[in-house]
Amino acid sequence: MTGSPRVALIGMMIAVVIAVALAGCGGPGGTPPKYASQWNGRGDSAGALNYAEGLAIDPQGKLLVADTWNDRILRYDADGKSLSAFGLHGHKDGELESPRAVTTDTRGNIYVADCWNHRIQKFSRDGKVHLTFGKKGGPWGDDEGDGLLLYPYSVAVDSQGNMYVSDYNNNRLQKFNSRGKFVLKWGVEGRQDGQFNHPGALVMDKQDRLWVADVGNNRVQRFRFDRAGRPVFDGQWGKEGVEPGEFDRPYGLAVDKDGNFYVADFGNHRVQKFDSRGRLQYLFDKYGSGDGELDSPMALAVDDTGVLYVSDWGNNRLQKFLPAS
């Protein structure tokens, strides 16, 4: 009898240690990456940022940035050196208004979710516009015609050149062919499998599976496609909360070459990494403005070596992290 309270106390202490470990290093399976560098400088000069909301890695390993409030796309090298920029504020082809996401295909073409223009634009590697499609639907999501968009948040491209758009205020996804012609749509507002509440970032993995940051539902959903190209629900992860594996407005998403996925957990000021089955690998969540600290991370990109880039939105900067050795 005398040993029971002691055993119980030891058990409680072990539980506390495990909880602290989970909070500090993200739980079993991995160690958080190491801070490497940052670059920022709010403004509209070359290379400066104004609340960047989208990141991608191009085929040459350069970092593409949707510099949202400057209405342009930037390209940096791996050390944060500004290489090029394109885009001006406006509504004509090639002009941008609040671009929220950027991605690229294997040929280096650049695709932009031109959010406040309610359209998608495709550019050559040097910023020349090739394709523009989409137009505004009803102001409150009540006009949901095929191909109409209402604040498109993100765009992803599969190996055949088909484009997928998160139609944010219409709570659905739309698929277009490589010429920008509407193919199909799926999703309605809701919490069931395949339903959405303001879908955010989209990522296409190497198996042509589409990953969706379902922001308002605080989860990640994944879809595969049948032989006819129709979406098939393929799993979901996460729920609202502050514990490891839970989310508060997961705006940003990235998938690496091994199928691990990374979530920018905006409201919890942290980044979480999961393996392809959704098992937590790590998290890092120190709130602040110091090196490696985060304030409302918005977007992510990861290269083939595991280097992770974070749009640290609340601090108006980009941070680079190296994989732990």
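How many cavities of 30 Å³ or more does a search of the whole structure find? The search finds one, and we will visit it in one of the close-ups below. Please keep in mind that this is a predicted model.

**Figure 1. The chain as a whole is built from one helix and 26 strands.** Before zooming in, here is some background. The chain has 325 residues, and 57% of them count as buried. Now take the contacts in the chain with a separation of 6 or more: residues 24 or more positions apart account for 46% of them.

**Figure 2. The largest nonpolar core has 14 residues.** Look for Leu49, Leu55, Leu63, Val65, Tyr76, Tyr309 and Leu318, the members that touch the most other members. Four strands each supply at least two residues of this core: β2 (54–57), β3 (63–67), β4 (72–76) and β24 (297–302). Apart from this core lies another one, made of 13 residues. Val220, Trp237, Val263 and Leu280 are among the residues of that other core.

**Figure 3. Tyr309 is in contact with residues from several parts of the sequence.** Which residues does Tyr309 contact, leaving aside its neighbours within four places in sequence? They are Trp39, Leu55, Ile57, Leu63, Ala78, Ala299, Leu300, Ala301, Gln319 and Lys320. Tyr309 is also one of the residues in the largest nonpolar core that touch the most other members.

**Figure 4. The largest cavity has a volume of about 30 Å³.** Here is the space promised at the start. Rolling a probe the size of a water molecule over the atoms shows where empty space is left. The lining of the largest cavity consists of Leu64, Ile73, Leu74, Arg75, Ser84, Ala85, Phe86 and Ile110. Two elements, β4 and β5 (82–86), give two or more residues to this lining.

**Figure 5. Asp67 sits in strand β3.** Is Asp67 buried or exposed? Asp67 has a relative accessible area of 0%, so this residue counts as buried. Leaving aside its neighbours within four places in sequence, Asp67 is in contact with Ala48, Leu49, Asn50, Tyr51, Ala52, Arg72, Leu74 and Pro99. Try finding Tyr51 in this view: Tyr51 and Asp67 are 16 residues apart along the chain, and their C-alpha atoms are separated by 6.4 Å.

**Figure 6. Strands β8 and β9 form a hairpin.** Follow the chain along β8 (residues 119–123) and then along β9 (residues 129–133). These two strands pair in the antiparallel sense over four bridges. One bridge to spot joins Phe123 to its partner in β9, Val129. Five residues lie between the two strands, and Gly127 in the turn has a positive phi of about 90°.

**Figure 7. An open sheet is formed by four strands in the order β16-β17-β18-β19.** The pairing in this sheet is antiparallel. Which strands form the edges? They are β16 (199–204) and β19 (231–237), each of which pairs on one side only. Neighbouring strands are turned by 25° against each other on average, direction ignored. For a closer look, choose β16 and β17 (residues 210–214), which pair over four bridges. There, Val203 stands opposite Trp211 in β17.

**Figure 8. Another open sheet has four strands in the order β20-β21-β22-β23.** Here too the pairing is antiparallel. The edge strands, each pairing on one side only, are β20 (250–255) and β23. From one strand to the next, the twist averages 20°. Inside the sheet, β21 (residues 261–265) and β22 (residues 270–274) pair over five bridges. Tyr262 has Lys273 in β22 as its bridge partner.

**Figure 9. His198 has a positive phi, near 60°.** Most residues other than glycine have a negative phi. His198 is found in the loop between β15 (182–186) and β16. With a relative accessibility of 26%, His198 counts as partly exposed.

**Figure 10. Ser296 has a positive phi, near 60°.** Where is Ser296 placed? Look in the loop between β23 (280–284) and β24. Buried means under 20% relative accessible area. Ser296 has a relative accessible area of 9%, so this residue counts as buried.

Technical notes
Residues are numbered from 1 along each chain as its sequence is written. This is a predicted model: local features need pLDDT of at least 70, side-chain atom pairs count only at pLDDT 80 or more; totals for chains, interfaces and linings use all residues. Side-chain values use heavy atoms; hydrogens and water are left out. A nonpolar core is a set of buried Ala, Val, Leu, Ile, Met, Phe, Trp, Tyr and Cys residues joined through side-chain atoms within 4.5 Å. Buried means under 20% relative accessible area, exposed over 50%, partly exposed in between (1.4 Å probe, protein chains only). Contact means heavy atoms within 4.5 Å. Two strands pair if DSSP finds at least two bridges between them. Axes are lines fitted to C-alpha atoms, for helices over the stretch in contact, and angles run from 0 to 180 degrees between N-to-C directions. On a 1 Å grid over the protein atoms alone, a cavity is a set of points where a 1.4 Å probe fits but cannot get out, and a pocket is an open set with protein on both sides within 12 Å along at least five of seven lines; lining residues have an atom within 4 Å of a point. Grid points are joined across faces, edges and corners, and a volume is the space filled by probe spheres set on the points.
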